[in-house]
Amino acid sequence: MSRVYNFSAGPAVLPEEVLKEAAAEMLDYHGSGMSVMEMSHRSAIYASIITEAEQDLRDLLHIPENYKVMFLQGGASQQFAMIPMNLMKNRVADYIVTGQWAKKAYSEACKFGTANKIASSEDQTFSYIPDCSDLPISKDADYVYICENNTIYGTKFKTLPNTKGKDLVADVSSCFLSEPADITKYAVMYGGVQKNIGPAGVVIVIMREDLITDDVLPGTPTMLKYKTHADAGSLYNTPPAYGIYICGKVFKWLKKQGGLEAIQKINIQKAKILYDFLDESTLFKGTVRKEDRSLMNVPFITGDKDLDARFIAESKAAGFENLKGHRTVGGMRASIYNAMPIEGVEKLVAFMKEFEKNN
Ligand SMILES: *Cc1c(COP(=O)(O)O)cnc(C)c1O
């Protein structure tokens with residue numbers, strides 16, 4: 001067996017330790033005589049899995065008592081609709097559009113009310129984060145929406161926007177648990193887990209309790225109401241049970257690493273290796289404004305499409321997988337999530353240096 005260095009943007013690399021544990025527990029989870037995939041989600045043994053997962057997540061992010069944690073399905077994309085359906089009481093919301101995912105969320109919100117695009121970085125192919133210190137926040141906005149880390153373009157909000165007192169809703173799919181966060185600054189923080197936490201099929205929503213009500217847009221389906229899931233402890237219907245179990249293992253792995261402060265240090269160190277090289281390279285260059293660079297997704301180019309294609313092919317042959325940039329932007333992208341070991345980044349940079357010498 002040999003494992004590659006997987007730089008995929010998502011579904012993405014998971015900690016090897018977690019995969020080994022899951023493999024060892026596959027046929028007989030803790031003496032139950034069955035795998036977690038096969039057990040009732042109403043059983044006591046599954047109750048302990050989901051309860052512990054939630055508690056570990058709460059510990060990692062220091063989630064205050066007045067926030068609910070929900071493990072839902074439908075991916076991050078389903079949240080693009082659930083958020084306006086549940087939170088657009090005045091039918092007005094402000095969107096900061098910094099990439100494809102924010103743009104999709106914005107378009108979806110337009111179906112339910114007036115979504116205002118109050119800032120955008122589309123003029124420069126989303127290669128920067130606009131100044132959000134004094135935006136024209138709408139007086140009657142129900143919330144201000146951001147995508148905190150732009151997976152495709154490799155930008156990240158280093159400071160949260162000044163929402164002028166309005167509730168902040170953030171899609172953190174690709175920076176979830178990559179660093180500490182002050183949950184009290186958010187009304188809603190949510191993310192699909194397949195980028196930095198677990199297997200596709202689970203989306204985690206952390207939401208301030210007072211926002212979870214029956215006062216939703218008329219016609220909102222039961223399954224798309226946060227209250228349905230919050231009241232039932234994410235067990236209104238069958239949850240993505242196996243996925244939640246793997247997320248739980250990743251939470252424990254993160255705790256063992258020393259929590260989010262410790263993982264942030266490693267993430268900064270890892271990203272620095274790659275960005276420092278991009279800054280000194282005569283062949284490769286980063287595509288993002290320096291101060292807005294993501295620690296998780298690092299896009300880069302040579303400036304020559306044929307050379308990019310050759311780099312992608314040769315890197316793949318050398319055991320570095322999924323370095324091709326998003327289909328909408330081209331070039332390369334290295335996603336270096338929590339579970340990417342530092343050696344993976346060091347070896348990638350060594351490979352890039354060699355490629356540079358030969359080209
Ligand atoms: C991947 C991604 C999404 C879409 O996630 P799905 O689970 O496929 O719906 C949304 N937002 C961000 C920031 C992402 O990286």
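## The ligand and its contacts

A polar side-chain atom of D171 sits 2.6 Å from a nitrogen atom of the ligand. Please keep in mind that this is a predicted model. Two further side chains reach oxygen atoms of the ligand: a polar atom of T151 lies 2.4 Å from one, and for K195 the distance from a polar side-chain atom to a ligand oxygen is 2.5 Å. On its own the ligand has 380 Å² of accessible area, and the protein covers 87% of that.

Which residues make up the surroundings of the ligand? They are G75, A76, S77, F80, W101, C147, N149, T151, D171, S173, Q194 and K195. Sorted by class, this shell holds four nonpolar, six polar and two charged residues. Helix α3 (residues 75–87) supplies the largest share of the shell, with four residues.

## Aromatic pairs

Let us turn to the rings. A pair of aromatic rings is described by the distance of the centres and the angle of the planes. The model contains 16 aromatic pairs. In one of them, Y242 and Y245 have ring centres 5.1 Å apart and planes at 55 degrees; since angles from 30 to 60 degrees count as tilted, this pair is tilted. Both tyrosines belong to helix α6 (residues 241–257), where they are three residues apart, about one turn of the helix. Y245 has 4% relative accessibility and therefore counts as buried.

Another pair, F311 and F351, has its ring centres 5.7 Å apart and its planes at 55 degrees, so it is tilted as well. This pair links distant parts of the chain: F311 is in helix α8 (residues 305–317) and F351 is in helix α9 (residues 342–358), 40 residues apart. Both F311 and F351 are buried. They also take part in a cluster connected by ring pairs, which consists of Y5, F7, F277, F284, F300, F311, F320, F351 and F355.

## Strand β12 and its partners

Is strand β12 (residues 297–301) largely enclosed or largely open? Four of its five residues are buried, so the rest of the structure largely encloses the strand. F300, a member of the aromatic cluster, falls within the residue range of β12.

Strand β12 pairs with two strands named here. With strand β11 (residues 285–286), the pairing is antiparallel and has two bridges; K285 faces I301 of β12 across it. With strand β14 (residues 332–335), β12 also runs antiparallel, this time joined by four bridges, and V298 stands opposite A334 of β14.

Note on methods. Residues numbered from 1 in each chain as written. Predicted model: local features only at pLDDT ≥ 70, side-chain atom pairs only at ≥ 80, totals over all residues. Heavy atoms only, no water. Near = heavy atom within 4 Å. Polar contact = N/O pair within 3.5 Å; in protein donor to acceptor, adjacent residues only side chain to side chain. Areas by Shrake-Rupley, 256 points an atom, 1.4 Å probe, with all protein chains shown as cover. Nonpolar A, V, L, I, M, F, W, Y, C, P; charged D, E, K, R; others polar. Phe/Tyr/Trp six-rings, centres within 6.5 Å; stacked < 30°, edge-to-face > 60°. Buried < 20%, exposed > 50% of the residue type's maximum accessible area, 1.4 Å probe, protein only. Pairing = 2+ DSSP bridges.
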